[in-house]
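Here's a quick briefing on how some helices pack in this one, plus a few residues worth a look. Pull up the model and follow along.

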Amino acid sequence: MKKFDNKATGIIFCLFEIVIGILLLIKPVGFTTGIICAIGIALMVSGLISVVRYFKADAREAEKAQYLTKGLLTLLGGGFCAFRSHWFIATFPALSILYGVGVLSAGLVKVQFTFDMLRQKNKKWFLALISAVISLACAVVILKNPFATTAVLWIFTGISLIVEAVFDAVTLIISRRN
């Protein structure tokens, strides 16, 4: 688990993970499509800002910064996300591998946090260990990709996010008390 300098920030992050997990349980494909569309819209706005910046900037500065090229590429990428979000759902098996690698990385960070707590003689180190084991187990399941549909994998992801967030919050609260 990533160490948070501020306990409140960590708790807010855990609550955010729980909300995302619940939304994934309620309507996994719809929620994922909505997130992809929202990212696409944000990219399109960013691209539009870069294009406007190109025309407002000094000619030499605009040439150096490549505002027009960056803006047009960002607009195209954003448009693809916003209007072809189902492509991501169709290619999800490949994307799930990237997600699995991310969960595996988070699990390895939690392993170090477990050892950090153990070395500091924190009596609740086992909670961090449980969280790390859950993350690593989830990563293995995701990377093996035994699911037939995207929706099932997102439901599994939602459950794993909720479980991990609860353990992370408890670990965070207990680690800060000692």
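**Helix packing and a few odd residues**

Helix α6 (residues 92-119) packs against helix α7 (residues 125-144) at an angle of about 160°, and their axes are 8 Å apart. Keep in mind that this is a predicted model. A second pair, α2 (residues 28-56) with α4, also comes up below, with its axes 7 Å apart.

**The α6/α7 pair**

- Angles over 145 degrees count as roughly antiparallel, and α6 and α7 are therefore roughly antiparallel to each other.
- The two helices, α6 and α7, cross in a left-handed way.
- Sorted by class, the contact of α6 with α7 has 19 nonpolar, 6 polar and 1 charged residues.

**A closer look at α7**

- With 20 residues at 1.5 Å a residue, α7 should span 28 Å, and its end C-alpha atoms do agree with that, being 29 Å apart.
- Which residues of α7 are buried? They are L127, A128, S131, A132, S135, C138, A139 and I142.
- Those buried residues cover an arc of only 140° around the axis, so they sit on the same side of α7.

**The α2/α4 pair**

- Helix α2 (residues 28-56) packs with α4 at an angle of about 160°, the axes being 7 Å apart.
- That angle makes α2 roughly antiparallel to α4.
- The crossing where α2 passes α4 is left-handed.
- In the contact of α2 with α4, the classes come out as 16 nonpolar, 9 polar and 1 charged residues.

**A closer look at α4**

- For the 17 residues of α4, 1.5 Å a residue gives an expected span of 24 Å, which agrees with the 24 Å between its end C-alpha atoms.
- The buried residues in α4 are Y67, G71, G78, G79, C81 and A82.
- Because these cover an arc of only 160° around the axis, they fall on the same side of α4.
- What about the other side of α4? There, L73 and L76 are exposed.

**F80, in α4**

- F80 belongs to helix α4, which runs over residues 67-83.
- Is F80 buried or exposed? Neither quite fits: buried means under 20% and exposed over 50%, so at 35% relative accessibility F80 counts as partly exposed.
- F80 is 39 residues from I41 in sequence, and the C-alpha to C-alpha separation of F80 and I41 in space is 9.7 Å.

**Two loop residues with positive phi**

- Q66 is not a glycine, yet its phi is positive, at about 60°.
- You'll find Q66 in the loop between α3 (59-65) and α4.
- Q66 has a relative accessible area of 41%, so Q66 is partly exposed.
- K121 is another residue other than glycine with a positive phi, in this case near 60°.
- Where is K121 found? K121 lies in the loop between α6 and α7.
- With a relative accessible area of 70%, K121 is exposed.

Technical notes:
Residues are numbered from 1 along each chain as its sequence is written. This is a predicted model: local features need pLDDT of at least 70, side-chain atom pairs count only at pLDDT 80 or more; totals for chains, interfaces and linings use all residues. Side-chain values use heavy atoms; hydrogens and water are left out. Axes are lines fitted to C-alpha atoms, for helices over the stretch in contact, and angles run from 0 to 180 degrees between N-to-C directions. Helices (H or I, at least four residues) and strands (E, at least two) are DSSP runs, numbered from the N terminus. Angles under 35 degrees count as roughly parallel, over 145 as roughly antiparallel, 65 to 115 as roughly perpendicular and the rest as oblique. A crossing is left-handed if the near helix is turned anticlockwise from the far one by less than a right angle, and right-handed if clockwise. Ala, Val, Leu, Ile, Met, Phe, Trp, Tyr, Cys and Pro count as nonpolar, Asp, Glu, Lys and Arg as charged, and the others, Gly among them, as polar. The expected span of a helix is 1.5 Å times one less than its number of residues. Buried means under 20% relative accessible area, exposed over 50%, partly exposed in between (1.4 Å probe, protein chains only). The arc is that of the directions from the helix axis to the C-beta atoms.
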